[in-house]
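Let's take a relaxed walk through a protein model, one topic at a time. Keep the 3D view open while you read.

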Amino acid sequence: MSPATTGHALPEPYPAVGPGDVVQRQMLLRVRGRSVAWVPPLLLLVAIAVTDYNTTGEFRIISWIVLVPGIAAALCGVWATAVFAVLSMGTYTVVDNAWPHQFQAGLPDFILVALGGVLATLACAVRVRGERRALHMRDVTDTVRRTVLRPLPPGWGGLEHAGVYLTADAQARVGGDFYDIQPGPHGTRVFVGDVQGKGLGAVETAAVLLGTFREAGFHEADLASVADRLEAGMVRHRAYTTALGRADGDRFATAVLLSFPADEDDAVDTVVFGHEPPLAVGPSGVRRLPAGGGLPLGYRDLAPGGLPVSRVRLGLDETLLVVTDGVTEARDREGHFFQVAEEVRRAVAADPRLMAPGWLVLVVRDGTLRHCRGHLTDDTTVFAVRRARDRGVERREGGRSPR
């Protein structure tokens, strides 16, 4: 699983796998910034030489020194592996001839050691090339992820926010879940959703929806107009993929669209596109917003007419929590779904500080991973947002907050 966080410097105890394994191995083989990858093969070389030197008769293990360049090939670079191959041949020659009147392994085993060194060096070259390619692919996917899920500055649009994103596909590092915040002259809009399916097609669709949201969320005064623009963008994209003959021409997306009006600090407008409604987490507990449910993006033709926009009153201390189905459909060993509202309610009751967005997303993330034992079956996004407290104080006191 691959995590991404926004809004706060959140810890990431669940590291990526795949290309990330390369980085982790390199970090494990360093002490105080210096590589110690050469230590295991060197210790093995010395151990074999000393052990063989102290044996007598026809029991000789010096031929085992062929393992040294093999171990080096798995841990070290190409040049280091080549050095260990030469050291292995030199050590073999010295130790094998140290007692000329006793049994000697001789030329056949020397050829074996030499051939093993050459093959180990070649294998190391292939390994290093593969690791470089894996690191390059990781950089590419990270760039794609930053393009789709752009970093959000702290306090962006007058909102405190935090997000956690985990991909079910450990190799992809990016999927069809998305979120963004767009400030504008008509308030700050928030968009969180999940594209049906996986793969590059889902990523492409998410990018299209986010591009539409960033433009419409800024320019459109009415949230219903933003919703209409999103639906039109989804329909156009489906027509495009269908014209290309692709099999994902019927793709859809579920999403939650929020708007924090610029002139009201205790209200939020919501539009739900077939998605799980947001949860409002506050001192009085956890409640599900009474948002009118609409069809997913791409299915407006099944129910013509505008989507209902619901205005909900929020307390200044309440945080809105939006999750994708990677959370709500996480199952335990018995097949029971994860009850996110109950998990949040227990956590907040035990420690009210967990209502803050940065802590709230960690509560849900950790609870989800514990519930499903780390086996995610779908991309998972947890996003929490609330108005910045200094802005609420400023509005309530009728002036600018003191600095």
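Below we go through confidence, overall build, cysteines and cavities.

## How far to trust it

First things first: this is a predicted model. Across the protein chain the average pLDDT is 81, and 81% of the residues score at least 70. Which element comes out lowest, and which highest? Strand S1, covering residues 2–6, has the lowest mean pLDDT of the chain's elements, at 46, while strand S13, residues 319–323, has the highest, at 95.

Two stretches deserve some caution. Over residues 1–23 the pLDDT is below 50, although the model gives this stretch 71 contacts beyond near neighbours in sequence. Residues 392–403 also have pLDDT below 50, and here there are 10 contacts beyond near neighbours in sequence. Where pLDDT is low, you shouldn't read the predicted coordinates in detail.

## The overall build

What is the chain made of? DSSP assigns 11 helices and 14 strands to the protein chain. The chain has 403 residues, and 48% of them count as buried.

Now for the contacts. Take those in the protein chain with a separation of 6 or more: 71% of them join residues 24 or more positions apart.

## Cysteines without bridges

How many disulfides does the structure hold? The count is 0. Take Cys 76, which is in no disulfide: the nearest cysteine sulfur belongs to Cys 124 and sits 7.4 Å away. A disulfide needs the two sulfur atoms within 2.5 Å, so this pair doesn't qualify.

Is Cys 76 buried or exposed? Cys 76 is buried, with 5% relative accessible area. Cys 372 counts as buried too, at 3% relative accessibility. Both get that label because the cut-off for buried is under 20%.

## Spaces inside

Searching the whole structure turns up 3 cavities of 30 Å³ or more. The largest holds about 60 Å³ of space. Its lining is made up of Phe 260, Asp 265, Ala 267, Leu 314, Gly 315, Leu 316, Glu 318, Arg 386 and Arg 387. Sorted by class, that lining has 4 nonpolar, 1 polar and 4 charged residues.

The second largest cavity has about 40 Å³ of space. Around this second cavity you'll find Glu 276, Pro 277, Leu 279, Arg 288, Leu 321, Val 323 and Val 340. By class, the lining of the second largest cavity has 5 nonpolar residues, 2 charged ones and no polar ones.

Key:
Residues numbered from 1 in each chain as written. Predicted model: local features only at pLDDT ≥ 70, side-chain atom pairs only at ≥ 80, totals over all residues. Heavy atoms only, no water. pLDDT = per-residue confidence, 0-100. Helix = DSSP H or I, 4+ residues; strand = E, 2+ residues; numbered from the N terminus. Contact = heavy atoms within 4.5 Å. Buried < 20%, exposed > 50% of the residue type's maximum accessible area, 1.4 Å probe, protein only. 1 Å grid on protein atoms, 1.4 Å probe; cavity = no way out; pocket = protein on both sides within 12 Å on 5 of 7 lines; lining within 4 Å. Points joined across faces, edges and corners; volume = space filled by probe spheres on them. Nonpolar A, V, L, I, M, F, W, Y, C, P; charged D, E, K, R; others polar.
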